[in-house]
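This report goes through one protein chain, from single residues to cores and cavities. The sequence and structure come first.

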Amino acid sequence: MANNQDLARIAIVAFLAVAGVVHSDEVVFKNGDRISGDLQSVAGETVTIRTSYAGILFINKAEVERILTEVPFVVVSKQNGEQTMKLDETVDLADIVQVRASNSVVAQIASSWAKQITFALAGTRGNSETQNYSVHGQSRLVRPHGEHLLRVDYLREQVFDETRKNTLDVKYGIRWNRGSKWFNTANMDYFRDPLKEVSWRILVGLGGGAKLYDQPHQHLSFEAAASGVYETLDSFSELSPALRVGSDYRKWLYGGRVEAYQNNRLLWITQTDNGVLDSSSGIRLALSAQFNFDMRATIQYETHPAEGVRNTDLTYSFGIGVVF
């Protein structure tokens, strides 16, 4: 019996020793609250931490005062680039764009891109007046000296067995910062709208822009790019030079729980003397760190559409967004 008791004591001591080795990170909020667990990543405006009592939590970085870790992480900051270090009181979270536990490519892809998909019911007025659905996807990768942004919008309308609308709009852009205000851009767009007799339209451009406001709770930027457009319409195909002008406005309210946004893009195709305007405005309400409610209105205006097609399409949607 004594041997069994000794073995039990040894087992308890060994368990406590192992438990003491397991590291525990801490997130300290601006209101003084604290959460302990294992830090998973910091990407964009989201801090991810795994806890033993609530699983994985997604926290708005704007609500965090500091992060304390017991082991080194790969930290990417605006000022110092990439380095491996522990996070403590001296680390300025506003300067941090990414924190990850590994240098592997897989870990970078998983933790670096801030992704969101919104599934929405949609109503339209213009070339079609039916009710159907839309899918909006957005992914942003912030780097020390620039960022990548991918947007995908898909709208499908069907009445009985007749498809009235089947639009796909994909926009991919890269920014390289040239100081705190100016940046260079490269972008590539793909657009398809059979109803407007646009089988597909590809745009590639290079340009630059400026951040007019770049604050923690407000962002406004403007950019312009010289572009080339290749269109395949129902009747012909052509390659044309074009000018692309765009703006991006975002404002966060109520501690980041509400985001108001407004995006504009004007494309002037010189060969056909045709102007195409895309404008999207909306509000996102954070239901949790993973889900939000998205309300948006999108206007598409074309100066010279196909014959029998209206100039303006207005699409409004209400949907649930998933952040991951």
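## E65 and its strand

E65 is partly exposed, as its relative accessible area is 44%, a value between the 20% and 50% limits for that class. The residue belongs to strand β5. The model is a predicted one, and the values below are computed from it.

Outside its neighbours within four places in sequence, E65 makes contact with V28, F29, K30 and L93. Along the chain, E65 and E89 are 24 residues apart, and 9.0 Å separates their C-alpha atoms.

## The chain as a whole

The chain has 324 residues, and 40% of them count as buried. Its secondary structure consists of two helices and 20 strands. Among contacts with a separation of 6 or more, 45% join residues 24 or more positions apart.

The accessible surface of the chain is about 17300 Å², and carbon and sulfur atoms account for 60% of that area.

## Nonpolar cores

In soluble globular proteins, nonpolar side chains tend to be buried together. In this chain, the largest nonpolar core is made up of 17 residues. V27, L39, V47, I59, V64, I67 and V99 are the members with the most contacts inside this core. At least two core residues come from each of β1 (25–29), β2 (34–43), β3 (46–51), β5 (64–68), β6 (73–77) and β8 (96–100). The top contributor is β2, which supplies three residues.

I67 is one of the members with the most contacts inside the core. Residues up to four places away in sequence aside, I67 touches E26, L39, V42, V47, L87, D88 and L93. A second core, separate from this one, has six residues, including L203, V229, I269 and V276.

## The largest cavity

How many cavities of 30 Å³ or more are there in the model? The count is three. The largest cavity holds about 910 Å³ of space. It is lined by 49 residues, and those closest to its centre are R151, D153, K171, N263 and S280.

Strand β12 (residues 162–178) supplies eight lining residues, the most given to the lining of this cavity. By class, the lining of the largest cavity comprises 22 polar, 18 charged and nine nonpolar residues.

## N263, a residue close to the cavity centre

N263 is among the lining residues closest to the centre of the largest cavity, and lies in strand β17 (residues 258–269). N263 counts as buried because its relative accessibility is 16%, under the 20% limit.

Beyond residues up to four places away in sequence, N263 touches R151, S247, D248, Y249, D278, S279 and S280. Two of these contacts, R151 and S280, are also listed with N263 among the residues closest to the cavity centre. The C-alpha atoms of N263 and S279 lie 5.7 Å apart, with their positions 16 residues apart along the chain.

## The second largest cavity

The second largest cavity has about 60 Å³ of space. Its lining consists of F191, K196, R201, R265, V276, D278, Q300, Y301 and E302. Two or more of the lining residues come from each of β18 (274–286) and β19 (291–302), and β19 gives the most, with three.

This lining has five charged, three nonpolar and one polar residue by class. V276, one of the lining residues here, is also a member of the second nonpolar core. D278, likewise in the lining, is one of the residues that N263 touches.

## G319 and V135

Is G319 buried or exposed? G319 is buried, as its relative accessible area is 5%. It is found in strand β20 (residues 312–323). Neighbours within four places in sequence aside, G319 is in contact with T118, F119, A120, N292, F293 and D294. G319 and V135 are 184 residues apart in sequence, with a C-alpha to C-alpha distance of 8.9 Å.

V135 lies in strand β10 (residues 131–143). V135 is classed as partly exposed because its relative accessible area is 24%, which is not under 20%. Apart from residues up to four places away in sequence, V135 touches I117, T118, F119, V152, D153 and Y154. T118 and F119 therefore appear in the contact lists of both G319 and V135. V135 and Y154, 19 residues apart in sequence, are 5.2 Å apart from C-alpha to C-alpha.

Terms used: Residues numbered from 1 in each chain as written. Predicted model: local features only at pLDDT ≥ 70, side-chain atom pairs only at ≥ 80, totals over all residues. Heavy atoms only, no water. Core = buried A, V, L, I, M, F, W, Y, C linked by side-chain atoms within 4.5 Å. Buried < 20%, exposed > 50% of the residue type's maximum accessible area, 1.4 Å probe, protein only. Helix = DSSP H or I, 4+ residues; strand = E, 2+ residues; numbered from the N terminus. Contact = heavy atoms within 4.5 Å. Areas by Shrake-Rupley, 256 points an atom, 1.4 Å probe, with all protein chains shown as cover. 1 Å grid on protein atoms, 1.4 Å probe; cavity = no way out; pocket = protein on both sides within 12 Å on 5 of 7 lines; lining within 4 Å. Points joined across faces, edges and corners; volume = space filled by probe spheres on them. Nonpolar A, V, L, I, M, F, W, Y, C, P; charged D, E, K, R; others polar.
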